[in-house]
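Thanks for making time this morning. I would like to take you through one model, beginning with a single side chain and working outwards to the whole chain.

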Amino acid sequence: MLKFIYADMSQALRYLPYGLAVGIPAAVIAVWLLNLRSKKKQKPPVKWMPATAFCVYITVMLAITFLSRESGSRSDVLDLRLFSTWGINDRNNAFVIENVLLFIPYGFLYCWNFSRKRKLFRCTLLGAATSLGIETMQLLTGRGYFQIDDIVTNTLGALIGGLLFAVVSSLVRRLGACNTKEET
């Protein structure tokens, strides 16, 4: 199973240059427009680094989920059975794990970008909505399978990413507090 995951992750890296080429200009435009709006509403500006990372990630994710297959290349495209993918063989088990891994950056980067209250709940909910949107578009274009399992595993990945962000930001705050105490 690990050899499938490694091979698929290596294959997905080929979309990184595309993600950088499209994601960075998209981030520049989006951050510029959002900062114009923030200035008018006297709100803090949007930060460049997290916004750029999120735009690059979204671009790569969309390339992986849509451009890695030809339109109409899937014949049996609708699977509404929960947990139908897991346990069939190593290949399908790898797909399940890869779906979780695909959305961990979504959860992490979403939480890094947005500092609203209840961001973990919103992150998970938006991860589910994004996954549902991707699955629906794959069904309509024939570029993938619409599987309930994918929505569940993607949502789990977004939740794990959000939790990972909470742990990392807590550690960063603690380290910052420790460094401040040492300096005084």
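**A tryptophan and its surroundings**

Leaving aside its neighbours within four places in sequence, W86 is in contact with N93, V96, I97 and D149. Please keep in mind throughout that this is a predicted model. As for where W86 sits, it belongs to the loop between β1, residues 78–79, and α4. Ten residues along the chain from W86 is V96, and the C-alpha atoms of the two are separated by 6.7 Å. Is W86 buried, exposed or something in between? Its relative accessible area is 46%, and because the partly exposed class lies between the limits of 20% and 50%, W86 is counted as partly exposed.

Let me stay with α4 and turn to its packing against the N-terminal helix. Two packed helices are described by the angle between their axes and the distance between the axes. For α1, residues 2–12, and α4, residues 90–113, the axes come within 9 Å and cross at roughly 50°. That makes α1 oblique to α4, and the crossing in which α1 passes α4 is right-handed. Which residues meet there? On the α1 side they are F4, I5, D8 and M9, while α4 brings D90, R91, A94, F95, I97, E98 and L101. Sorted by character, the residues of this contact comprise seven nonpolar and four charged, with no polar residue. I97, which is part of this contact with α1, also appears among the residues in contact with W86.

Next comes α2, which runs over residues 16–40 and has 25 residues. From its first C-alpha to its last, α2 reaches 35 Å, which is close to the 36 Å expected at 1.5 Å a residue. Buried positions in α2 are G19, G23, A27, V31, N35 and S38, and what covers these buried residues includes α3, residues 48–67. Just after α2, the backbone at Q42 takes a positive phi of about 55°.

Finally, the chain as a whole. It has six helices and two strands, and read from the N terminus on, the elements run α-α-α-β-α-α-β-α. Along its principal axes, the C-alpha trace spans about 65 × 35 × 30 Å, and of the 184 residues, 35% count as buried. Among contacts with a separation of 6 or more, 76% are accounted for by residues 24 or more positions apart.

How values were computed: Residues numbered from 1 in each chain as written. Predicted model: local features only at pLDDT ≥ 70, side-chain atom pairs only at ≥ 80, totals over all residues. Heavy atoms only, no water. Axes fitted to C-alpha atoms, helices over the stretch in contact; angles between N-to-C directions. Helix = DSSP H or I, 4+ residues; strand = E, 2+ residues; numbered from the N terminus. Parallel < 35°, antiparallel > 145°, perpendicular 65-115°, else oblique. Left-handed = near helix turned anticlockwise from the far one by under 90°. Contact = heavy atoms within 4.5 Å. Nonpolar A, V, L, I, M, F, W, Y, C, P; charged D, E, K, R; others polar. Expected span 1.5 Å × (residues − 1). Buried < 20%, exposed > 50% of the residue type's maximum accessible area, 1.4 Å probe, protein only.
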